[in-house]
Each structure stands twice: as C-alpha cells, then as structure tokens.
Amino acid sequence: MPDDGRLICAEKVCKTYQTAETPGRLVLDHVDFSLHEGEIVAILGKSGSGKSTFLRVLAGLTPPTEGRVAYRGHTVEGPAHGIAMVFQTFALFPWLTVLGNVELGLEAQGVPRAERRQRALKAIDLIGLDGFESAYPKELSGGMRQRVGFARALVVNPDVLLLDEPFSALDVLTAETLRGDMLDLWLERRVPTKGIILVSHNIEEAVEVADRIIIFGSDPGHIRAEIPVSLPRPRDVTSPRVQQIVDEVYAILTTVPGREPGRRGLRGVETVGVGYRLPAASIQQLVGLLDAISAPPYSGRADLPHLVESEHIEDEALFVLVEALQLLGFAQVAGGDIWATPVGRAFAEADLQTRKQIFADQLRRSIPLAAHIRKVLDERPGHSAPEARFLAELEDHLSEEEAHEVLETMINWGRYAELFAYDYDRGVLSLENPT
Ligand code: ADP
Ligand code: MG
C-alpha cells in the first residue's frame, strides 16, 4: 500500500470472535476504511456494533481474522508505534502519582528517565493538569482522571489518536470542557498528532468535532453510512447548518434497516430474526415515549433532536427506545422525525387492558423471538419451558451476556403483554395466568 496521505487504511477487515463452546461470531464484516492526514473521523453506531473492536484492530491490539490494516503504508502486525488510544475509563495505578502514571507510557518505550520526566510534565501541562503532578488518582475528580488518561496518550507524541468514547463517562459540562480543550490542542497544532478517530454516542459531539462521520451498523458490524462534515470551525452546535447534519445523522441512526417507511415487511423479515439483538427498552420508557409523541405539543409527530432536548433523553437511550418502537410497529422514523403509526396511536389512546392486548398482538406479529417463545409454550404439554432453552438458541447469534440481556428484555415485554409468564426463582417461562 503506498503512503498517499493515508495514515491508516483498512481493507476488507473481518473479525470473528471464537470461544471454546461456540463457533466463531462475526463482529466485523468486510470493513473498508481510510484515515487521511489532517482528519478527525467520528464513528457512531449502536452498542455492540463492533466500534471498539474496530479501533483495537486498527491499533494492532487484536489481529483481523481476514483483510489487512496498514499504518503509513506498512501492514500492522502487533501494537502499532505511533498510534495511541484513550478509553472511556482509564486504569490508573492508584499507588502512582499523576506524573508517575503519565511517565508509564514512556517507560514501556525505553525512554531515558530525564527525558521521561520532561515529556510527562509537558503533556500534563498541555492537558491542563498543571499543579496536579504529585496528586494521586483518588484525589482527582472523574474529569481530572480522564485528563490523566489523555496525558498518558499524548506523552508518546502519537501520530494517530484513537479515542473510544473518552467523554462518555463524564458529566455533560466536564465532557464539554475536556472535548473543547482537546479540539483546541488539535486545531492550534500544539500536538504532533496527524489524525484522530473518535468513537462517540453523542451525535452533536460528532458533528461538532469531526470532518467525517462514519455510521456503523450491527450484526455483523459494517459501515452503514458516511457523512462528510465540511463546516468551518469553530462550529456553533445551535446553528442551522450544524443542526441540519445532526438531523441527517439522527435520521440514519434511528432508522432500523429494513424498517424504512414503505419498506416494512420487505427486508424486515430477514433483518429481524429470532436472534435479533432486541434493544433493551423498558416498558415504562417505551410507553412514556409513545405517550409523549402522541400528546401535545407533538400530537403524533416529533422532531427527534427536539424530543431529546425537551424530554431530557440521552442520545443512546433514545436510539434504544426509538428502535424498539419501530420494531414493534408503534412508530416510524424518517428525515429526523418520528411519528406514531395507526397502531401506535391506538395504543396511546387505549386503556390498560386494551394496551396489553395491542402490545401482545404486535409482539407476535413483529418480534420473531416472542412468536417463537409463545409457539413453544403453546405446543408443550405442560405449557412451560426453562429459560436455558431459549438462551441456548440466542447464543447461536449473540454472546452469553447479550443473550441474557435480550431474553430479559423479551421477558419484560412478554410479561407486560401477558403473552407468557416467568418464574424468576425457577427460571421458567410458562402460560400460567400471569399475575
Ligand atoms: P461496540 O464498541 O460498538 O459496543 P464491541 O466492539 O465492544 O462493540 O463489541 C462488538 C461485539 O463483539 C459484541 O457482540 C461483543 O459482545 C463482542 N465482543 C467484543 N469483544 C469480545 C471478545 N474479546 N470476545 C468475544 N466477543 C467479544
Ligand atoms: Mg465500545
């Protein structure tokens, strides 16, 4: 691969995770991607869509199962020098000071002691931790600890920075400040870094920061869309041009593939199988959102970014809810708007008992796992089955933990709809009269 201004180049990258019991599970499916010099690329996508795995493959921390990654024209085979990562939370050594924790990154590279100290102090200064060199992690706030994480990455003078949701664990204001500081370092060229990839679940953050946004789709992880953001900086997130792109990204992220308006039932059948990763939406939140959309001021149709702000919902939580409403056929999404379907409206207007009936009908119609569980229970002589049976089926498609999450969501929905009952102590699903 020639060095043509591409810092990182991924060609047809596939990643399969293999465990002892299960056959390999494909997590990344033929991903083609380049990071060009001078670029910040943001990656958005549902939880579990393989974003972290992709960063790890790019950094050489885990090998691709198929395909190739090159860094500055050289195939990556093992941790790539020049690429540094920042994670959501950092494992700082509690017995080391801030300075000690930052120096650690250089020790591994065999940098002499005096130079280590000098460079660590500079990185600490850069990231705004001046005066905290001798503090211990436990004395620092979450935001300060995350700054130590950034300093540890910056101290190696990284050519490329891979940021995996580095602001997600911080409160909104702290995140905003640190993000702004990071962006200033980059724009003022106070760091030698030539390219940044930022995984985020905050759409405004992505549009504010990135030159290009990549949207990952799930199961298996793949690139679903790419949106260039060619707006001048600094960007005012409230400006119409930024909001227009925010709307565009919302529109993609909140549309379940195969469930676009006018296409329901076409690809929907293929994409939502028994092993579909059901979004972990609680009944209370689902009903709450559907009620909110149906009532004034929205009266059936709402602008998603507006809904997020006025209902105080986090982007990520909203995706989960909106996906569930679409899967269940209660709402549709297009162009950054969400509106209730006739079934959704009927549900919102109904009394509790009718709501449960409507919900049960939608589950059987639209959620193959619900229909499957109900069929098994209907057919079994005792009308009951251990949850382990369904978990085993789900584990053909999902990890053990994810299978548990999906079944838990399914059970919550099914119990609300009185489609089946669940005995928590025995771990048994049944058709006993649910209480
Ligand atoms: P994201 O960062 O988008 O949430 P991840 O890359 O963390 O996604 O995970 C993608 C999928 O790969 C998930 O289904 C997850 O359970 C699985 N996965 C991640 N790491 C491992 C691992 N080390 N072994 C097995 N499965 C894994
Ligand atoms: Mg991740």
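Which residue in S16 does Ala385 stand opposite? Ala385 stands opposite Leu429, in a model that is predicted. This briefing covers the surroundings of ligand 1, the strand S3 and two open sheets. Ligand 1 has 14 residues around it, S3 is largely enclosed by the rest of the structure, because 7 of its 7 residues are buried, and each of the two open sheets has 3 strands with antiparallel pairing.

**Ligand 1: the surrounding residues**

- Gly48, Lys51, Ser52, Thr53 and Glu402 come nearest to ligand 1, out of the 14 residues around it.
- By class, this shell is made up of 7 polar, 5 charged and 2 nonpolar residues.
- Two elements, strand S2 (25–36) and helix H1 (51–58), each contribute at least two residues to the shell.
- H1 gives the largest share of the shell, with 3 residues.

**Ligand 1: polar atoms and cover**

- The side chain of Thr53 has an N or O atom 2.5 Å from an oxygen atom of ligand 1.
- For the side chain of Lys51, the distance from an N or O atom to an oxygen atom of the ligand is 2.8 Å.
- For the side chain of Arg277, the corresponding distance to an oxygen atom of ligand 1 is 3.5 Å.
- On its own, ligand 1 has 560 Å² of accessible area, and the protein covers 69% of this area.

**Strand S3 and its two partners**

- Strand S3 spans residues 39–45, and 7 of its 7 residues are buried, so the strand is largely enclosed by the rest of the structure.
- In a regular strand, side chains alternate between the two faces of the sheet.
- On one side of S3 lie Glu39, Val41, Ile43 and Gly45, and on the other lie Ile40, Ala42 and Leu44; the residues of both sides are all buried, so both faces are covered.
- S3 pairs with strand S8 (residues 195–199) in the parallel sense, over 5 bridges.
- Within this pairing, Ile43 of S3 is opposite Val199 in S8.
- S3 is also joined to strand S9 (residues 212–217) by 5 bridges, and these two strands run parallel.
- The bridge partner of Gly45 in S9 is Phe216.

**The open sheet S11-S13-S12**

- This sheet has 3 strands in the order S11-S13-S12, and the pairing is antiparallel.
- Its edge strands are S11 (301–303) and S12 (331–334), each of which pairs on one side only.
- Ignoring direction, neighbouring strands here are turned against each other by 20 degrees on average.
- S11 pairs with strand S13 (residues 337–340) in the antiparallel sense over 3 bridges.
- Ala302 stands opposite Ile338 in S13.

**The open sheet S14-S16-S15**

- The order of the 3 strands is S14-S16-S15, again with antiparallel pairing.
- Strands S14 (384–386) and S15 (421–423) stand at the edges with a single partner strand each, which means that one side of each has no neighbour in the sheet.
- From one strand to the next, the twist averages 25 degrees.
- S14 and strand S16 (residues 428–430) are paired over 3 bridges in the antiparallel sense.
- Ala385 and Leu429, the residues of the opening question, stand opposite each other, with Leu429 in S16.

Key. Residues are numbered from 1 along each chain as its sequence is written. Chains are lettered from A and ligands numbered from 1 in the order in which they are written. This is a predicted model: local features need pLDDT of at least 70, side-chain atom pairs count only at pLDDT 80 or more; totals for chains, interfaces and linings use all residues. Side-chain values use heavy atoms; hydrogens and water are left out. A residue is near a molecule or strand if one of its heavy atoms lies within 4 Å of it. A polar contact is a pair of N or O atoms within 3.5 Å; within protein, one must be able to donate a hydrogen and the other to accept it, and residues adjacent in sequence count only if both atoms are side-chain atoms. Accessible areas come from the Shrake-Rupley method with a 1.4 Å probe; for residues, only the protein chains shown count as cover. Helices (H or I, at least four residues) and strands (E, at least two) are DSSP runs, numbered from the N terminus. Ala, Val, Leu, Ile, Met, Phe, Trp, Tyr, Cys and Pro count as nonpolar, Asp, Glu, Lys and Arg as charged, and the others, Gly among them, as polar. Two strands pair if DSSP finds at least two bridges between them. Axes are lines fitted to C-alpha atoms, for helices over the stretch in contact, and angles run from 0 to 180 degrees between N-to-C directions. Buried means under 20% relative accessible area, exposed over 50%, partly exposed in between (1.4 Å probe, protein chains only).
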